[in-house]
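This report covers the backbone of one protein chain and a few residues with unusual local geometry. Please look at the sequence and the model before reading on.

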Amino acid sequence: MHRLAPHASLLTTPLLALFLAACGGAPADHGQFSALTANAGEASDLCAHHVPHDACVKCHPELAARFKAVKDWCGPHQVPESQCFACHPDLSFEPLPQPPPDADLADVPREQALAGLEGVAAPGKVTVIDFWAAWCVPCRKTAGDLNLRLQHVPDLAVRKVEVRDWDDPLATRYLAGTPTLPLLVVFDAMGAEVGRISGHKPDELDALLAQAAER
Ligand SMILES: [Zn+2]
Ligand SMILES: [Zn+2]
């Protein structure tokens, strides 16, 4: 089931089913989240619609075709699915908490991640490997959670692995059995896995970090 296309995996989430019910729209009216909005997000100020200005279709109606071309379109609300607050009340493009300048935070290069994750955990530190995707709303929230913890939790390292979609070889290799992104894998300072979290669950993250620190 984890090999489904991104839109299909979204459709399997109970939350989206709720959104669809709330919107009164059939699934066929709804699109899938592309990375078009998220990719503009970090470099662009928010407009009056609380969307990254460079990507906002209300501010730039000429962009609609680009979103429709990748099926990132909400029919009932006539905005990109990735900008539809009516269907996705969880959506937010507000700036994330930033990690401190000396944070032990790094992207795992794609080639390295494909070769294997041995040695990715930072020796002597609790390490969180964060599997995320640019189109994933809970992934953005979780990135903010991790940045906050990098500010406050001593000897914490975060390693990020970007996954393109559920057909990505990285997903095939590492996300088997993972119901939803992000996937966080927590290691103790000895490099032993402490546990895994699927989805945006800050309380579970704190519990696993405490458990890892006690070992
Ligand atoms: Zn706008
Ligand atoms: Zn909508």
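Pro 182 lies in the loop that runs between α7 (169-174) and β4 (183-187). In this predicted model, the peptide bond between Leu 181 and Pro 182 is cis, with omega about 0°. Most peptide bonds are trans, and most residues other than glycine have a negative phi.

Positive phi values occur at His 50 and at Asp 155. The table lists each with its loop.

| Residue | Phi | Loop |
|---|---|---|
| His 50 | near 65° | between α3 (36-41) and α4 (64-69) |
| Asp 155 | near 55° | between α6 (137-152) and β3 (156-162) |

Are these two residues buried or exposed? His 50 has 13 C-beta neighbours inside 10 Å, so this residue counts as partly exposed. Asp 155 has 12 other C-beta atoms within 10 Å and is therefore exposed. The cut-off matters here: a residue is exposed at 12 or fewer such neighbours, and buried at 20 or more.

The loops above belong to a protein with eight helices and five strands. Along the sequence, these elements follow the pattern α-α-α-α-β-α-β-α-β-α-β-β-α.

Two totals describe the chain as a whole. The protein has 215 residues, of which 33% count as buried. Among contacts with a separation of 6 or more, 64% are between residues 24 or more positions apart.

Technical notes:
Residues are numbered from 1 along each chain as its sequence is written. Chains are lettered from A and ligands numbered from 1 in the order in which they are written. This is a predicted model: local features need pLDDT of at least 70, side-chain atom pairs count only at pLDDT 80 or more; totals for chains, interfaces and linings use all residues. Helices (H or I, at least four residues) and strands (E, at least two) are DSSP runs, numbered from the N terminus. Two residues are in contact if their C-beta atoms, placed from the backbone, lie within 7 Å.
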